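Please open the model in your viewer and keep the sequence panel beside it. The tour below says what to select at each stop and what is found there.

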Amino acid sequence: MIQPQLDYYDMGVGVTAFSSTRHGGCSKGSYATFNINRYCGDEEEDIHTNRLALCQLLGVTDDRLIMPHQVHLTKTACIDEQFLTLPAMERQEELEGVDALMTNLSGVCIGVSTADCIPILLYDKEHHAACAIHAGWRGTVKRIVIKAVEAMRNTYGTHPEQLRAQIGPGISLDSFEVGDEVYEAFLQEGFDMTTISERKKKWHINLPECNRQQLMTAGLLPEHIVVSPVCTMKQSADYFSARRLGINSGRIFTGILLKD
C-alpha cells in the first residue's frame, strides 16, 4: 500500500500542516516517487494514485485537495463553499495563474508545489483560516507574502500579529546562485541586500530569510515564524530540486488542512 512520507509542522490545535518528501508514492524516474503536480510532465495515472493515497492519509476526498496552477505572480484565490460547488473545468479556471490559496473551510486541504522555490503556510487561529503561498524569486521580489497576509486581513479580518507561519523546504543561500539581473531585481525593489545576499563567485540570495523579513514587515511576530532547515538542492535525495533534477521532475506539495 502506498503511504506518502510527510514532514509535519506544529502550527497549533485544529490544523494539519505538512510538506511531502520524495518518498512513499509510485511515480518513476525523476518524479520518484511521490509527486501530485500535474504541470511537470509526470504520468497522470501515477499522479492520480499518489493523490488518492494522500487523501486517504489526510482523511479528505480528492475534490477537497486543492492545488493551483502557479505562474510566479502574486494572485491569491479564496477557496470557499461557492468554489467547491463549481464543475471541475470551472474550478481549474479559477486556479489558473494563482500562487497562493486561502480558506476558512474545515476538511479542505490547500497547498502549493515547489522544487527549490519557497512554500509558506499561514494559520490564523482566531478566525480558523489558513493560507498556502508559493514564493519563487519572482514572487518574493513582488512581495507575495505581504499581499497574501493583506488578503487574509481583508477576507477574514486576520490580525497579522496573531498569525503563525511555517516556511517550508526550499533552496538555501549557499545553493541559490543567481545572475546579476536577479540581484538587481531585488535591489531595485528596495530590499536590504546586506541581509539577504552574499557575494561568492556570483551573487547568492537567501530566499527563506527574505520571506521571513517580509512576514515581519506584514506584522507577524518573529517568534511566530518557523523556518525549515531543509535545503532542497543539498537534500535532493529526499526533496525535489529543479536545479538538481531538471524542471521535468517532481514537486514537493506543502499543504494545510483545517479541522473541525
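The stops run from the pockets to the nonpolar cores, then to the aromatic pairs and two single residues.

**Stop 1: the largest pocket**

Bear in mind throughout that this is a predicted model. Select His72, Cys117, His134, Ala242 and Arg251, which lie nearest the centre of the largest pocket. The volume of this pocket is about 580 Å³, and 24 residues line it. By type, the lining splits into 12 nonpolar, 8 polar and 4 charged residues. Now colour strand S6 (109-114), helix H4 (137-141) and helix H9 (242-245); each of them supplies at least two residues of that lining.

**Stop 2: the second largest pocket**

Move on to the second largest pocket, which holds about 330 Å³ of space. Its lining has 15 residues, and Arg38, Arg51, Leu65, Gln92 and Leu95 are the closest to its centre. Two elements, strand S3 (65-66) and helix H3 (88-95), give two or more residues each to this lining. Which element gives the most to the lining of the second largest pocket? Select H3, which contributes 4 residues. In this second pocket the lining residues divide into 8 nonpolar, 2 polar and 5 charged.

**Stop 3: the nonpolar cores**

Hide the pockets and select Ile120, Leu122, Ile133, Phe186 and Leu215. In the largest nonpolar core, which has 40 residues, these five touch the most other members. Helix H5 (residues 144-156) provides the largest share of this core, 7 residues. There is also a second, separate core of 22 residues, with Tyr9, Met11, Leu95 and Val108 among them. Leu95 was selected earlier, as one of the residues closest to the centre of the second largest pocket.

**Stop 4: Phe186 and its surroundings**

Return to Phe186 and show its side chain. Is phenylalanine 186 buried or exposed? Phenylalanine 186 is buried, with a relative accessible area of 0%. Leaving aside neighbours within four places in sequence, phenylalanine 186 is in contact with Trp137, Thr140, Val141, Phe191, Met193, Ile196, Ile205, Leu207 and Cys210.

**Stop 5: the aromatic pairs**

The whole structure contains 4 aromatic pairs. For one of the pairs, select tryptophan 137 and phenylalanine 186: their ring centres are 6.5 Å apart and their planes meet at 40°, so the pair is tilted. Tryptophan 137 belongs to helix H4 and phenylalanine 186 to helix H6 (residues 180-188), so the pair ties together parts that are 49 residues apart in sequence. Tryptophan 137 is partly exposed, at a relative accessible area of 22%. Add Phe191 to the selection, since Trp137, Phe186 and Phe191 form one aromatic cluster.

**Stop 6: Phe18**

Next, go to strand S2 (residues 15-20) and pick phenylalanine 18. This residue is buried, with a relative accessible area of 0%. Not counting residues up to four places away in sequence, phenylalanine 18 touches Leu6, Asp7, Tyr8, Tyr9, Leu54, Leu58, Cys109, Leu121, Phe253, Thr254, Gly255 and Ile256. Draw a C-alpha to C-alpha distance from phenylalanine 18 to glycine 111: the two are 9.3 Å apart in space and 93 residues apart in sequence.

**Stop 7: Asp46**

Finish in helix H1 (residues 44-58) with aspartate 46. Aspartate 46 has a relative accessible area of 9%, which is under 20%, so it counts as buried. Which residues is aspartate 46 in contact with, leaving aside its neighbours within four places in sequence? Select Cys26, Ser27 and Lys28 to show them.

Definitions and conventions:
Residues are numbered from 1 along each chain as its sequence is written. This is a predicted model: local features need pLDDT of at least 70, side-chain atom pairs count only at pLDDT 80 or more; totals for chains, interfaces and linings use all residues. Side-chain values use heavy atoms; hydrogens and water are left out. On a 1 Å grid over the protein atoms alone, a cavity is a set of points where a 1.4 Å probe fits but cannot get out, and a pocket is an open set with protein on both sides within 12 Å along at least five of seven lines; lining residues have an atom within 4 Å of a point. Grid points are joined across faces, edges and corners, and a volume is the space filled by probe spheres set on the points. Ala, Val, Leu, Ile, Met, Phe, Trp, Tyr, Cys and Pro count as nonpolar, Asp, Glu, Lys and Arg as charged, and the others, Gly among them, as polar. A nonpolar core is a set of buried Ala, Val, Leu, Ile, Met, Phe, Trp, Tyr and Cys residues joined through side-chain atoms within 4.5 Å. Buried means under 20% relative accessible area, exposed over 50%, partly exposed in between (1.4 Å probe, protein chains only). Contact means heavy atoms within 4.5 Å. Rings of Phe, Tyr and Trp (its six-membered ring) pair if their centres lie within 6.5 Å; planes under 30 degrees apart count as stacked, over 60 as edge-to-face and the rest as tilted.
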